[in-house]
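Good morning. Please have a look at the chain on the screen before I start.

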Amino acid sequence: MGRFHFQRVEPYGPEEFLQLLRDEALHKNARLEHPYVKKMVGGELSREQLRDYAKQDYQLKKCPSWWVAARILNTPSIADQKIIAKTFIEEMGGTDPRFTGHQAMYLEFGKALDLSEDELEHAELLPSTILAVATLMEINRHRSVAEALASGSIMGETINVSVAKMLLPAFEKHYRIPRAGLVWFMEHVEADQEHGGMGEAIVKKYATSKDMQNKIWDCIIRTKAAWWIFFDGLYSVAFSGIPLPRYTVGEDLPECYPLEPF
């Protein structure tokens, strides 16, 4: 099939384009292939290094509710808004006023590593984390729903399934994390199979012109780049001894991070 070409004039067929996106999502994906990920899966991180991973990763895991809300705003039809709204409610853990949902699930991972909610919320962030968060926030807040879902579903939720299946046994075997602390990963083995299919359907619906296909492909590549940068930072401090600067939420960054200051 080959790879996508910007210079091509005619749009790809819907199924062909979707397969190109799927193939690109799996090709040299940092969440599956980065050297840091391989060392984590192999049990080579210290407890403190794994705690640092959780602090950095939490900044991305707390974002999906904002991302999905922005996708609803950028969706042109009520019918598709309703489809995406279902995902939003699931991310938030329903309408119960208690703090539940996927973000709360990740706090259990932190708790298993003796990290409090405050330590996760007010973590010292690496420059690479800040840049990755900024890139994904930009895509989801300011690009079309098809572009955002290519980033968030094809590059996100669909990959989450493979990532969770890879990390779950590693966290249990090498780091002795109890199942109660792995609920986020267990949930995303099943939930994101459904979410990923929904995202693919909407991307396919709107990706009918070559111009839109170009924009969607651009988002796929930018998302891949953001994840490589994210893990590059973690690898640098953990295994290369590079003393990267860190910036603290609540001091260097606003309390409302990842949103801009009000």
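I will go through some salt bridges, one helix and one buried asparagine. Keep in mind that this is a predicted model.

The count of salt bridges here comes to 17. One of them joins the side chains of E24 and R3, at 2.8 Å from N to O. This pair links distant parts of the chain: E24 sits in helix α1, R3 in the segment before α1, and they are 21 residues apart. Is E24 buried or exposed? E24 has a relative accessible area of 5%, so it counts as buried, the cut-off being under 20%. R3, at 47%, is partly exposed. Apart from neighbours within four places in sequence, E24 also touches W217, I220, I221 and K224.

A second pair is K39 with E44, at 3.1 Å from N to O. Here K39 is partly exposed at 21%, and E44 is partly exposed at 45%.

The third pair is R143 with E147, whose closest N and O atoms are 2.5 Å apart. R143 is partly exposed at 22%, while E147 is buried at 5%. Both belong to a network of salt bridges that also takes in D218 and R222.

Now the helix. How many of the 11 residues of α7 are buried? The number is 9, in a helix that runs from 102 to 112. Among them are H102, Y106 and F109. Just after α7, D114 has a positive phi of about 65 degrees.

Last, the asparagine. N140 lies in helix α9, residues 127–142, and is buried at 1% relative accessibility. Beyond its neighbours within four places in sequence, N140 is in contact with W67, A70, R71, N74 and A148.

Definitions and conventions: Residues numbered from 1 in each chain as written. Predicted model: local features only at pLDDT ≥ 70, side-chain atom pairs only at ≥ 80, totals over all residues. Heavy atoms only, no water. Contact = heavy atoms within 4.5 Å. Buried < 20%, exposed > 50% of the residue type's maximum accessible area, 1.4 Å probe, protein only. Helix = DSSP H or I, 4+ residues; strand = E, 2+ residues; numbered from the N terminus. Salt bridge = Lys/Arg side-chain N within 4 Å of Asp/Glu carboxyl O.
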